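Work through the exercises below with the model in view. Try each task before reading its solution.

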Amino acid sequence: MTCAEFKEAVALYAAGALPPTEAAQLEAHLEGPRHEGCFEALREALRGVEALAASLPPARPRDEVWRNIEKRLSPRGGRRVPASVALAASAAAVAIALSWLVSARARRQSDDAARQRELCLEQVRSLTGDEEAQREALSLLASPSSQFVTLAAPSDATQPLARAIVDPRTHRAVVVSTVLQPRSDRDYQVWVIRGQEPPRPGALLRGARGTALAQVAPALLERGADAIALSLEPPGGSPNGKPTQVLAVGPFPKS
Amino acid sequence: MYGSEAMFLWLLATAAGGRGRDDATLLRRIAAGDQGSLRTLYERAAPVALAVAVRILGSRGEAEEAVQDAFVQAWQRAETYDERRGPAVGWVTSIVRSRALDRLRARASLGRTAQAMSDAGALAGGPAQMESVEGRQRRLRVHEALCQLPEEQRASLELAYFAGLTQKEIAESTAVPIGTVKTRCRLALQKLASILEEEGS
């Protein structure tokens with residue numbers, strides 16, 4: 001993309017009217033070393049968007065809105081995704097995280113399933129690229145025995161990074177995320193964890209602008225699983241069959 | 001701190017580029033785990049961000065939930081903020097807009113009837129926003145500038161920002177080529193940006 005092309009499209013980008021693939025192209029262009037007025041054009045467009053927002057009568061949120069935000073913030077220093085979680089050292093951490101996740105999941109279970117289904121359905125419909133995984137996800141969403149697993153950072157169960165749509169009865173699962181940002185130098189990979197066995201690598205999670213989908217091979221789930229995890233890997237996936245950097249983990253539902 | 005006057009003055013300052021460094025510092029503190037800085041950002045941004053969410057969702061309750069989700073997300077992702085790409089209020093407002101549109105699309109995907117509430121009805125139930133005479137006058141001037149835009153420019157921009165339509169969807173719904181949609185949005189934003197600059201100068 002040239003600077004001229006960027007400037008031609010930047011108004012639509014600022015207004016949020018570009019499809020994810022094109023928006024990602026503009027964002028990638030900004031990472032380039034030299035520009036001819038690109039940031040100036042972006043800031044002007046954003047000023048216009050700010051004016052659009054500022055033309056609305058301001059609305060003060062109720063006091064409980066901030067209180068609810070505060071409740072969802074993890075303690076200082078505990079919210080960051082760990083820089084690196086070595087496989088050998090991660091078993092205990094995963095076990096602790098799982099117990100935390102299970103309890104958090106239990107609290108939310110009663111009112112969360114319908115919302116999760118809604119969100120997943122919309123996320124899956126918005127995806128492009130992997131039609132087979134998309135069909136599988138829609139099929140799982142239509143299945144009454146499907147369940148939803150939130151994949152969250154081991155250090156913070158309240159911060160979902162992805163969801164898995166899982167049917168433990170038929171050993172099928174699809175992972176979907178609209179949060180993870182695409183990286184040119186890394187891939188996201190799905191893992192299946194069972195007991196003390198080494199984690200088994202699954203599909204790569206790819207997609208534009210953080211929206212991505214990955215189908216977990218049924219063979220990985222035939223003997224059941226304890227958890228599904230997501231890791232950050234070099235391009236092409238784990239080079240050694242072990243997770244390089246565990247980003248998120250979630251408990252696998254029992255059939 | 002919730003006064004729209006303060007909010008508007010802050011917007012003007014950021015439009016003039018005077019708060020870029022402050023924004024970067026604020027977001028660095030948030031990234032380091034400073035909840036007080038997040039509260040500062042919330043006080044600056046929440047009234048406008050909530051107004052955007054209410055406009056998108058037509059429901060005060062859902063809009064406040066979108067604001068909650070967005071500020072939690074801002075807390076998680078503060079380190080990704082890049083001041084070269086605009087002020088922090090705009091950044092967090094864009095997150096609020098995205099979360100509101102997620103809810104709107106999820107609602108639509110279930111085939112629910114869109115019960116668009118009137119602005120007045122949608123805003124009922126929350127505390128009134130105290131707005132100074134001067135602040136209200138400034139906001140109305142921006143609103144007036146918006147109304148003075150050619151109808152097709154204003155409609156294209158509002159379909160993009162408040163309805164979340166893509167350029168292709170806007171082109172289809174307004175029966176014009178995509179290039180025309182681009183031009184309309186660009187001209188509309190340039191005009192609105194110039195209003196902020198005039199107010200700030």
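A residue is called buried when its relative accessible area is under 20%, and exposed when that value is over 50%. Keep in mind that this model is predicted.

**Exercise 1.** Find P168(A) and decide: is P168(A) buried or exposed?

*Solution.*
- Locate the residue. P168(A) sits in the loop between β2 (156-167) and β3 (172-177) of chain A.
- Apply the cut-off. The relative accessible area of P168(A) is 7%, so P168(A) is buried.
- Look across the chain. K254(A) is 86 residues from P168(A) in sequence. In space, their C-alpha atoms are 6.3 Å apart.

**Exercise 2.** Place H29(A) in its helix, then list what H29(A) is in contact with beyond its neighbours within four places in sequence.

*Solution.*
- Start with the helix. H29(A) belongs to α2 of chain A, residues 20-30.
- Check the accessibility. H29(A) has 11% relative accessibility and therefore counts as buried.
- List the partners. Leaving aside neighbours within four places in sequence, H29(A) is in contact with M1(A), T2(A), C3(A), F6(A), H35(A) and C38(A).

**Exercise 3.** Describe the make-up of chain B: how many helices and how many strands are there?

*Solution.*
- Count the elements. Chain B has 10 helices and zero strands.
- Turn to burial. Chain B has 201 residues, and 52% of them count as buried.
- Turn to the surface. Chain B exposes about 8,600 Å², with 52% of that area supplied by carbon and sulfur atoms.
- Consider contacts between residues at least 6 apart in sequence. In chain B, 72% of these join residues at least 24 apart.

**Exercise 4.** Which residues have the most contacts inside the largest nonpolar core?

*Solution.*
- Take the core as a whole. The largest nonpolar core has 84 residues.
- Name the residues with the most contacts inside it. They are I69(A), L27(B), I30(B), L38(B), Y42(B) and F71(B).
- Find the main contributor. Helix α3 of chain B, residues 35-57, gives this core its largest share, 14 residues.
- Note the second core. It is separate, has 25 residues, and includes L161(A), A162(A), A173(A) and F252(A).

**Exercise 5.** Describe how α4(A) packs with α3(B).

*Solution.*
- Choose the descriptors. Two packed helices are described by the angle and the distance between their axes.
- Read the values. For α4(A), residues 63-72, and α3(B), the angle is about 145 degrees and the axes are 12 Å apart.
- Give the handedness. The crossing is right-handed.
- Name the residues. α4(A) brings V65(A), W66(A), I69(A) and E70(A), while α3(B) brings Q35(B), L38(B), R39(B) and Y42(B).
- Sort them. Five are nonpolar, one is polar and two are charged.

Methods. Residues numbered from 1 in each chain as written. Chains lettered and ligands numbered in written order. Predicted model: local features only at pLDDT ≥ 70, side-chain atom pairs only at ≥ 80, totals over all residues. Heavy atoms only, no water. Helix = DSSP H or I, 4+ residues; strand = E, 2+ residues; numbered from the N terminus. Buried < 20%, exposed > 50% of the residue type's maximum accessible area, 1.4 Å probe, protein only. Contact = heavy atoms within 4.5 Å. Areas by Shrake-Rupley, 256 points an atom, 1.4 Å probe, with all protein chains shown as cover. Core = buried A, V, L, I, M, F, W, Y, C linked by side-chain atoms within 4.5 Å. Axes fitted to C-alpha atoms, helices over the stretch in contact; angles between N-to-C directions. Left-handed = near helix turned anticlockwise from the far one by under 90°. Nonpolar A, V, L, I, M, F, W, Y, C, P; charged D, E, K, R; others polar.
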